[in-house]
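Ready for a few short exercises? Have a look at the model below, then try each task before reading its solution.

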Amino acid sequence: MTAVVLSIGSNLGDRLARLQSVVDGLDGTVVAVSPVYETDAWGGVDQGPFLNAVVLGDDPELNPHGWLRRAHQLEDAAQRVRAQRWGPRTLDVDLVSCRDSDGEVTVHDDVLTLPHPYAHVRAFVLAPWLAVDPQATLTVAGRVSSIAHLLDDVDPAERAGVRLTGQALRLGDGS
(Lines give C-alpha, C1' and ligand atoms only; values in the text may rest on other atoms or scores of the structure.)
Protein backbone atom coordinates (compact mmCIF):
# COMPACT_ATOMS: atom_id res chain seq x y z
CA MET A 1 0.00 0.00 0.00
CA THR A 2 2.76 2.50 0.76
CA ALA A 3 6.17 3.71 -0.25
CA VAL A 4 8.18 5.10 2.62
CA VAL A 5 11.11 7.38 3.31
CA LEU A 6 13.03 6.27 6.40
CA SER A 7 15.75 8.29 8.09
CA ILE A 8 18.18 5.99 9.90
CA GLY A 9 20.93 6.89 12.33
CA SER A 10 23.30 5.46 14.90
CA ASN A 11 25.95 6.87 17.23
CA LEU A 12 26.68 3.89 19.49
CA GLY A 13 28.68 0.76 18.75
CA ASP A 14 29.36 -0.27 15.17
CA ARG A 15 27.36 2.53 13.61
CA LEU A 16 27.68 1.35 10.02
CA ALA A 17 26.65 -2.21 10.92
CA ARG A 18 23.58 -0.81 12.71
CA LEU A 19 22.54 1.09 9.59
CA GLN A 20 23.18 -1.99 7.46
CA SER A 21 20.90 -3.97 9.79
CA VAL A 22 17.99 -1.80 8.63
CA VAL A 23 18.64 -2.47 4.95
CA ASP A 24 19.06 -6.18 5.67
CA GLY A 25 16.01 -6.28 7.94
CA LEU A 26 13.78 -4.66 5.34
CA ASP A 27 14.84 -7.34 2.88
CA GLY A 28 13.09 -7.02 -0.49
CA THR A 29 11.22 -3.82 0.34
CA VAL A 30 14.24 -1.51 -0.10
CA VAL A 31 14.10 0.45 -3.35
CA ALA A 32 17.15 2.71 -2.82
CA VAL A 33 19.63 3.77 -0.15
CA SER A 34 21.41 7.10 0.16
CA PRO A 35 25.12 7.52 0.73
CA VAL A 36 26.16 7.48 4.40
CA TYR A 37 26.81 10.78 6.15
CA GLU A 38 28.43 11.56 9.48
CA THR A 39 26.46 14.21 11.30
CA ASP A 40 26.70 16.27 14.42
CA ALA A 41 24.18 15.28 17.07
CA TRP A 42 20.91 17.22 16.95
CA GLY A 43 18.81 18.27 19.92
CA GLY A 44 21.32 19.77 22.36
CA VAL A 45 22.47 16.56 24.10
CA ASP A 46 26.26 16.18 24.43
CA GLN A 47 27.16 12.99 22.52
CA GLY A 48 29.21 11.60 19.69
CA PRO A 49 28.44 12.04 15.99
CA PHE A 50 25.90 9.92 14.13
CA LEU A 51 26.10 8.02 10.92
CA ASN A 52 22.92 8.76 8.96
CA ALA A 53 21.30 7.62 5.74
CA VAL A 54 17.91 7.58 4.07
CA VAL A 55 16.22 4.39 2.89
CA LEU A 56 13.42 4.36 0.32
CA GLY A 57 11.11 1.38 0.69
CA ASP A 58 7.98 0.07 -0.93
CA ASP A 59 5.65 -2.66 0.32
CA PRO A 60 2.07 -3.12 -0.89
CA GLU A 61 1.24 -4.93 2.36
CA LEU A 62 2.26 -2.14 4.77
CA ASN A 63 0.32 0.95 5.72
CA PRO A 64 2.05 3.76 7.69
CA HIS A 65 1.41 2.06 11.04
CA GLY A 66 2.83 -1.18 9.60
CA TRP A 67 5.99 0.72 8.62
CA LEU A 68 6.16 2.13 12.16
CA ARG A 69 5.93 -1.39 13.63
CA ARG A 70 8.77 -2.50 11.30
CA ALA A 71 10.86 0.52 12.39
CA HIS A 72 10.34 -0.35 16.07
CA GLN A 73 11.20 -4.01 15.42
CA LEU A 74 14.48 -2.95 13.79
CA GLU A 75 15.28 -0.62 16.69
CA ASP A 76 14.44 -3.36 19.20
CA ALA A 77 16.72 -5.82 17.38
CA ALA A 78 19.53 -3.25 17.79
CA GLN A 79 18.73 -3.01 21.53
CA ARG A 80 17.55 0.58 21.26
CA VAL A 81 16.98 2.17 24.67
CA ARG A 82 14.75 5.24 24.94
CA ALA A 83 16.31 6.72 28.09
CA GLN A 84 16.81 10.32 26.97
CA ARG A 85 15.04 12.34 24.30
CA TRP A 86 17.48 13.04 21.46
CA GLY A 87 20.15 11.15 23.40
CA PRO A 88 22.67 8.61 22.11
CA ARG A 89 21.22 5.52 20.49
CA THR A 90 22.23 2.30 18.87
CA LEU A 91 19.67 2.80 16.12
CA ASP A 92 17.04 5.34 15.23
CA VAL A 93 14.57 4.57 12.44
CA ASP A 94 12.20 7.45 11.71
CA LEU A 95 9.35 7.49 9.23
CA VAL A 96 9.70 10.72 7.32
CA SER A 97 7.06 10.37 4.64
CA CYS A 98 4.69 7.74 3.23
CA ARG A 99 2.96 7.73 -0.13
CA ASP A 100 0.18 5.60 -1.52
CA SER A 101 -1.54 5.64 -4.91
CA ASP A 102 -3.26 8.92 -3.95
CA GLY A 103 -0.03 10.74 -2.97
CA GLU A 104 1.54 11.74 0.32
CA VAL A 105 -0.21 10.23 3.35
CA THR A 106 -1.02 12.41 6.36
CA VAL A 107 -1.33 10.82 9.80
CA HIS A 108 -1.87 12.58 13.14
CA ASP A 109 -2.61 10.21 15.99
CA ASP A 110 -1.19 9.22 19.38
CA VAL A 111 1.67 7.15 17.95
CA LEU A 112 2.49 8.58 14.52
CA THR A 113 2.67 11.94 12.76
CA LEU A 114 3.27 12.04 9.01
CA PRO A 115 4.91 13.76 7.37
CA HIS A 116 7.55 13.82 10.11
CA PRO A 117 7.09 17.12 11.97
CA TYR A 118 10.81 18.02 12.08
CA ALA A 119 12.17 16.54 8.83
CA HIS A 120 12.08 19.88 7.02
CA VAL A 121 14.55 21.46 9.48
CA ARG A 122 16.98 18.56 9.82
CA ALA A 123 19.88 18.63 7.39
CA PHE A 124 20.80 15.07 8.41
CA VAL A 125 17.47 13.95 6.89
CA LEU A 126 17.30 16.30 3.92
CA ALA A 127 20.86 15.90 2.56
CA PRO A 128 20.75 12.09 2.29
CA TRP A 129 17.18 12.21 0.97
CA LEU A 130 18.17 14.70 -1.72
CA ALA A 131 21.13 12.48 -2.66
CA VAL A 132 18.94 9.41 -3.17
CA ASP A 133 15.90 11.19 -4.69
CA PRO A 134 16.69 14.62 -6.19
CA GLN A 135 13.04 15.12 -7.24
CA ALA A 136 11.59 14.42 -3.77
CA THR A 137 9.04 16.70 -2.17
CA LEU A 138 7.60 17.05 1.31
CA THR A 139 4.48 18.78 2.55
CA VAL A 140 5.21 21.31 5.28
CA ALA A 141 2.38 23.36 6.80
CA GLY A 142 0.10 22.39 3.92
CA ARG A 143 2.58 23.42 1.21
CA VAL A 144 4.50 20.99 -1.01
CA SER A 145 8.20 21.91 -1.22
CA SER A 146 11.15 20.31 -2.92
CA ILE A 147 13.71 18.70 -0.64
CA ALA A 148 16.38 20.82 -2.35
CA HIS A 149 14.51 24.02 -1.42
CA LEU A 150 13.95 22.86 2.16
CA LEU A 151 17.65 22.00 2.54
CA ASP A 152 18.61 25.44 1.21
CA ASP A 153 16.47 26.95 3.99
CA VAL A 154 18.28 25.05 6.77
CA ASP A 155 20.84 27.02 8.76
CA PRO A 156 24.23 26.87 6.98
CA ALA A 157 25.97 25.78 10.20
CA GLU A 158 23.66 22.78 10.48
CA ARG A 159 24.18 21.90 6.82
CA ALA A 160 27.95 22.04 7.41
CA GLY A 161 27.50 19.46 10.19
CA VAL A 162 26.39 16.84 7.62
CA ARG A 163 29.47 15.29 6.00
CA LEU A 164 29.61 12.63 3.26
CA THR A 165 31.66 9.66 4.51
CA GLY A 166 32.37 7.63 1.39
CA GLN A 167 30.87 4.60 3.18
CA ALA A 168 27.95 2.79 1.58
CA LEU A 169 25.18 0.43 2.60
CA ARG A 170 24.68 -2.71 0.54
CA LEU A 171 21.35 -3.72 -0.92
CA GLY A 172 20.42 -7.40 -0.70
CA ASP A 173 21.44 -7.98 -4.32
CA GLY A 174 25.05 -7.08 -3.48
CA SER A 175 24.98 -3.55 -4.90
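**Exercise 1: A network of charges**

At 31% relative accessibility, Arg163 counts as partly exposed. This comes from a predicted model. Find the residues whose side chains meet that of Arg163 in a salt bridge.

*Solution.*
- Step 1. Start from the general idea: side chains of opposite charge can pair when their charged atoms come close.
- Step 2. Arg163 and Asp40 meet in a salt bridge, at 3.2 Å from N to O. This pair links distant parts of the chain, with Arg163 in strand S11 and Asp40 in the loop between S3 and S4, 123 residues apart.
- Step 3. Arg163 also forms a salt bridge with Glu38, at 3.9 Å from N to O. Here 125 residues separate Arg163 in strand S11 (residues 162-164) from Glu38 in strand S3.
- Step 4. Now follow Glu38: its salt bridge with Arg15 has the closest N and O atoms 3.0 Å apart. Arg15 belongs to helix H1 and Glu38 to strand S3 (residues 37-39), 23 residues apart.
- Step 5. Put the pairs together: Arg15, Glu38, Asp40 and Arg163 are linked in a network of salt bridges.

**Exercise 2: Two faces of a helix?**

Which residues of helix H1 (residues 15-25) are buried, and why do they line one face of the helix?

*Solution.*
- Step 1. The buried residues are Leu19, Gln20, Val22 and Val23.
- Step 2. Looking down the axis of H1, these buried residues fall within an arc of 145°, so they line one face.
- Step 3. Recall the geometry: an α-helix has 3.6 residues a turn, so residues three or four places apart point the same way.
- Step 4. Next, look for the packing partners. The buried residues of H1 pack against strands S1 (2-10), S2 (30-33), S4 (50-59) and S5 (92-100), and against helix H2 (64-77).

**Exercise 3: Unusual backbone geometry**

Where do Asp27, Ala141 and Pro115 lie, and what is notable about the backbone at each?

*Solution.*
- Step 1. Keep the background in mind: most residues other than glycine have a negative phi, and most peptide bonds are trans.
- Step 2. Asp27 sits in the loop between H1 and S2, and its phi is positive, near 45°. With 61% relative accessibility, Asp27 is exposed.
- Step 3. Ala141 lies in the loop between strand S9 (137-140) and strand S10 (143-146). Its phi is also positive, near 55°, and at 85% relative accessibility Ala141 is exposed.
- Step 4. Pro115 is in the loop between strand S8 (113-114) and helix H3 (123-132). The peptide bond from Leu114 to Pro115 is cis, with omega near -5°.

Terms used:
Residues numbered from 1 in each chain as written. Predicted model: local features only at pLDDT ≥ 70, side-chain atom pairs only at ≥ 80, totals over all residues. Heavy atoms only, no water. Buried < 20%, exposed > 50% of the residue type's maximum accessible area, 1.4 Å probe, protein only. Helix = DSSP H or I, 4+ residues; strand = E, 2+ residues; numbered from the N terminus. Arc of directions from axis to C-beta. Contact = heavy atoms within 4.5 Å. Salt bridge = Lys/Arg side-chain N within 4 Å of Asp/Glu carboxyl O.
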